[in-house]
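The following note sets out, in numbered points, some remarks on the model for a colleague's consideration. Please read it alongside the sequence and coordinates.

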Amino acid sequence: MRHEIRFSGLGGQGIITAAVILGRAAALYADKHVVQTQSYGPEARGGASASAVIISDEPIHYPKVTEPETFVIMSQAAYDKYGCKAANNALMLVDPGYVTSRPCCVCLEVPATAEAKAQLGKLVFANVIMLGALMEATGVIDYDSLERAVLDSVPKGTEEANKKALAIGREIVRKQL
Amino acid sequence: MGGRKTLRTKESGDRILTGKTEFYNGNTACAEGALAAGCRFFAGYPITPSTEIAERMAARLPKVGGTFVQMEDELASMAAIVGGSWAGARSMTATSGPGFSLMMENIGYAAITETPCVVVNVQRGGPSTGQPTMAAQGDMMQARYGSHGDYSIIALSPSSVQEMFDLTVKAFNLADRFRTPVFLMADETIGHMREKILLRENVEIIPRRELKEGELPCEPDENGIPGFGTFGNGHNIHITGLTHNEKGYPATDSAELHEAMVRRQVDKIEKHRLELTDVDIVNPEAEIVFISYGAPTRTVRQLLADEPGKYGHLNLRIVWPFPDHCLEQFTNAKAFIVPEMNLGQIAKEVRQYTNVKIITAPKLGGALHTVEELKKAAAAAETATRPVTEVRL
């Protein structure tokens, strides 16, 4: 089963970090085949940020996303560029603090930035909250693998806060499903 | 750097990362492959989309007793790795199209002085500064013929992150074995994407053959390859970009000597085409056969997985010298389709060796060929009547 996930938002929201952590979790700890790609164009330096992760049980030949099953959208510009193209059977996670549009497909509101500020005191945890939500909403990765990848990717001293961030994301989705 | 000691790979402690599985991008994998192969000298000028190679080497080389130099430009980068190589270190630089162009003069110098070195070109859209962040394969002919005069080189083309590691190791071995510049012709897609990679332990190292007592510095062995007189090992040697005799001294007015030197330097590679063949051959009985290298290989493999048995595939991991003998293995071939991220550079090479009709499937602009586009090329192959037909994707 090939599962394509599109992450997009603003530079500084940790979009690419989130994609790399998910890829790392699936590749190294869940023993999946994974390809992660990201936008390197001028837009990546001027605000917009985009990345994609493909996770599969089989070897991945074509390395680019074609029709993502899952979208993580953290800015309105990202919605306009990627989110509006979501297929009707896709799943979208949006941060309602940044995204006003809503798609035709199933959409979960994950106020990652607001919860990061309110519960953890820093906006930087928003991307890990999103990862916790993504895990719970899709089952594309298991908790242990994701936690390991988060912990070996984040700065020393932030481990507990990042574990909390994962749990916050998971709870937000549990309440909605 | 410490002379030949730098060719050893065993390091104390945990400084060498081999044996681990990692989730790296292609450029990082390339740098780690170089370190595993014993590369201990890197001189370069960072350029998108190859920059992560220089960054990784800058961070890692000092930890393994190597040297990283950020040079003033690519002319100097290429000159520095020639020097590093003669000092005994496995030496490398990494660049992209604009820097590759600047390296051409000294690549010729490396060719005529038979200096083992590895040049990585993570290709982007050209000509000139073109599309810095987009993938292309437009430098394949430049890799073969970019410097002036007649010479031959070896060029490899990776299509996965693992191959960025493995083919970098291979590039160093071939550079030392054949005493030639070896090019790793990657592209932005493979350089920047992340995949799982095994940092192989105890990679095979085939060191260059040191010059023997009594042997002349440019005297070829039975393979046409002279021994290497590493600086500091007591050899009296002269290295020059001028046409030179077996002693290594300039001898520019003899037509016979010049022809013999050029032919030997070309033949040492071209006559080893069988040894220098690294390909995948899939469904050799097929009538429609794709020939690809680098990123487009990924799309061809997707198509073959989607429609098993329908198409043949020749994937080239070594593009130069071109493995023309592999074309004969596709005995039923009615068309060779060559999808490239350029206007058909290797397709022209295929044309030299076959009367089978050729479909070129060029794709410019940075996006990888899609499976649908390859199907379109395959459909065109059925109806094409001319010897070479370009499909506009």
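**Notes on chain B**

1. Gly33(B) is found in helix α1 (residues 26–36) of chain B; helices (H or I, at least four residues) and strands (E, at least two) are DSSP runs, numbered from the N terminus. The model is predicted: local features need pLDDT of at least 70, side-chain atom pairs count only at pLDDT 80 or more, and totals for chains, interfaces and linings use all residues. Residues are numbered from 1 along each chain as its sequence is written, while chains are lettered from A and ligands numbered from 1 in the order in which they are written.

2. Gly33(B) counts as buried because it has 31 C-beta neighbours inside 10 Å. A residue is buried if 20 or more other C-beta atoms lie within 10 Å of its own, exposed if 12 or fewer, and partly exposed in between, with C-beta atoms placed from the backbone. Leaving aside neighbours within four places in sequence, Gly33(B) is in contact (C-beta atoms, placed from the backbone, within 7 Å) with Met164(B), Phe165(B), Asp166(B), Thr168(B) and Val169(B). A separation of 9.1 Å lies between the C-alpha atoms of Gly33(B) and Lys170(B), which are 137 residues apart along the chain.

3. Chain B is assigned domain 1 (13–198) and domain 2 (280–390), with bounds that come from an automatic or database domain assignment. Taken over C-alpha atoms, the centres of these two domains of chain B are 27 Å apart. Their contact takes 25 residues from domain 1 of chain B and 19 residues from domain 2 of chain B.

4. An open sheet of six strands in chain B follows the order β10-β12-β11-β14-β15-β16, with mixed pairing; two strands pair if DSSP finds at least two bridges between them. β10 (279–282) and β16 (388–390) of chain B stand at the edges, each with a single partner strand, so one side of each is left without a neighbour in the sheet. The twist averages 20° from one strand to the next. β15(B) and β16(B) pair in the parallel sense over three bridges, and Thr360(B) has Glu390(B) in β16(B) as its bridge partner.

5. Both α10(B) and helix α11 (residues 371–383) of chain B lie across β11, β14, β15 and β16 of chain B. Relative to β14(B), α10(B) runs at about 155° and α11(B) at about 150°; axes are lines fitted to C-alpha atoms, for helices over the stretch in contact, and angles run from 0 to 180 degrees between N-to-C directions.

6. In helix α10 (residues 345–353) of chain B, the buried residues are Gln345(B), Ile346(B), Ala347(B) and Val350(B). Their cover includes α5, β11 (288–292), β13 (318–320), β14 (335–340) and β15 (357–362) of chain B.

Technical notes. Contact = placed C-beta atoms within 7 Å.
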